[in-house]
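Trainee: Could we go through this structure together, one question at a time?
Mentor: Happy to, let's take a look.

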Amino acid sequence: MSEKLANNVEKVSIQENHSDKPYQGKDEDDFVDPWNVVSKSDTGVDYDKLIVRFGSSKIDDELLARFEKVTGKPVHHLLRRGFFFSHRDMHSILTRYEQGKPFYLYTGRGPSSSSMHVGHLIPFTLCKWLQDIFNCPLVIQMTDDEKTLWKDLSVEEAYKMALENAKDIIACGFDINKTFIFSDFTYIGQRAEFYRNMIRIQKCVTFNQVKGIFGFDDSTVIGKIAFPAVQATPCLSTSFPDIFGTQKIPCLIPCAIDQDPYFRMSRDVCPRIGFDKPALLHSKFFPALQGAQTKMSASEANSTIYVNDTPKQLKNKINKHAFSGGQVTVEEHRKIGGNCDVDIAYQYLRFFLEDDKKLEEIRKNYTSGELLTGELKKILIDILTPILQGHQDNRAKITDETLQTFMTPRKLCI
Ligand code: TRP
């Protein structure tokens, strides 16, 4: 994180509702923007404070109860356990669903490495669940342009990674009849409607505003300065004429909370050009193996479990690198017990072990000292191994033809 960026982020001016309170990507403990996440605390970012700072709403029991009432299904464990913890306008989406009015899902992925990591599967897992229960179209933006601009990658390399990552995304089980995946490099040249909407958005946002929201400065390349409009454009349904024709319908965006600056900007612009504001579901970050101070990053091999890791690599990484909340010696551990709040193996189980009863048993036994760190890590390895294997099997079955179909602009069957 550069000091310059941090300083610029403090100067922020634009805010939804036109409040004059400045948006801050950082406070004294945490720094969160689309490119950096760092916390001083070993339990990670203070998410309640982030809700206040970003001006979003907490996903509370009342919203979850309404979710269950409206859909008639129990909520997904990622919602129930609070990984998706914040939202904007989710009530309006549920109301539309009750009224039988249409909406669509929009999410995306910046392809910065050829393999995705297990943390990347989290928002896509929720997306798949939402697609199934709401039976709605889903558009997935692969921002190969963004990664070319921000990383040391050529246009060709980033595009290739977009195709590789798209296969990992398809392996999450999305319905080919309801899902459109697009690379910016390809699709933006294919449909004039997308480009026209992009310009409509660019016309509404000043350099000063993006400086404030994203920390850009006078030496930022112009591709980056214009990029936020690219990520905002899929919020407008008419950017996808093959799917929606000229119909204006709102979208729901499941994403990690660090993407919120893009959508605060989108929510500011949409009503000014005749569209609904996008609704959002925000997730927490998936912690790095070394601890929750930072999120898992695909460019740091040691802190990361890739979806294509072998069972042996997985085992080694967890045993060697997963930060432990246990005590130094067995005697001490038996006496004092482990701290689940900072223990990465336990934290990962909260993502991947759906059974609430088993999870609670593990928590009790680790906290009391009955369960040792090595044993806890083994439980995680035994759960993650078949998950990765299943993912790899699914991925191996995806043909170039299937990939091609997902990525072709076309009418979806809803
Ligand atoms: N910028 C995101 C990334 O780097 C990719 C992205 C594009 C995205 N559109 C999105 C993420 C919508 C969530 C929702 O990964």
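Trainee: Which element gives the largest share of the lining of the second largest cavity?
Mentor: Keep in mind that this is a predicted model. Helix H15 (311-321) and H19 each supply at least two residues of that lining. The largest share, four residues, comes from H19.

Trainee: What volume does the second largest cavity have?
Mentor: The count comes to two cavities of 30 Å³ or more. For the second largest cavity, the volume is about 30 Å³.

Trainee: How many residues in the lining of the second largest cavity are charged?
Mentor: The residues lining this cavity are Asp 309, Thr 310, Pro 311, Leu 314, Thr 385, Leu 388, Gln 389 and Gln 392. By class, three are nonpolar and four are polar. The charged class has one.

Trainee: Let's move to the pockets. Where does the second largest pocket lie with respect to domain 1 and domain 2?
Mentor: Look at who supplies the lining of the second largest pocket. Domain 1 (3-289) gives residues to this lining, and domain 2 (301-396) does too. The pocket therefore lies between them.

Trainee: Which residues lie nearest the centre of the second largest pocket?
Mentor: This pocket holds about 490 Å³ of space. Its lining is made up of 19 residues. Those nearest the centre are His 76, His 77, Thr 125, Glu 354 and Ile 387.

Trainee: Which element contributes the largest share of the lining of the second largest pocket?
Mentor: Four helices give two or more residues to this lining: H4 (77-80), H6 (118-134), H17 (344-352) and H19 (373-396). The largest share is six residues, and the helix supplying them is H6.

Trainee: How many nonpolar residues are in the lining of the second largest pocket?
Mentor: Sort the lining of the second largest pocket by class. There are six polar and four charged residues. The nonpolar count is nine.

Trainee: One on packing, please. How is H10 oriented with respect to H12?
Mentor: Helix H10 covers residues 192-202 and helix H12 covers residues 222-232. Their axes are 9 Å apart, and the helices pack at an angle of about 125 degrees. An angle between 115 and 145 degrees is neither roughly perpendicular nor roughly antiparallel, so H10 is oblique to H12.

Trainee: And is the crossing left-handed or right-handed where H10 passes H12?
Mentor: Here we follow H10 as it passes H12. The crossing is right-handed.

How values were computed: Residues are numbered from 1 along each chain as its sequence is written. This is a predicted model: local features need pLDDT of at least 70, side-chain atom pairs count only at pLDDT 80 or more; totals for chains, interfaces and linings use all residues. Side-chain values use heavy atoms; hydrogens and water are left out. On a 1 Å grid over the protein atoms alone, a cavity is a set of points where a 1.4 Å probe fits but cannot get out, and a pocket is an open set with protein on both sides within 12 Å along at least five of seven lines; lining residues have an atom within 4 Å of a point. Grid points are joined across faces, edges and corners, and a volume is the space filled by probe spheres set on the points. Ala, Val, Leu, Ile, Met, Phe, Trp, Tyr, Cys and Pro count as nonpolar, Asp, Glu, Lys and Arg as charged, and the others, Gly among them, as polar. Domain bounds come from an automatic or database domain assignment. Axes are lines fitted to C-alpha atoms, for helices over the stretch in contact, and angles run from 0 to 180 degrees between N-to-C directions. Angles under 35 degrees count as roughly parallel, over 145 as roughly antiparallel, 65 to 115 as roughly perpendicular and the rest as oblique. A crossing is left-handed if the near helix is turned anticlockwise from the far one by less than a right angle, and right-handed if clockwise.
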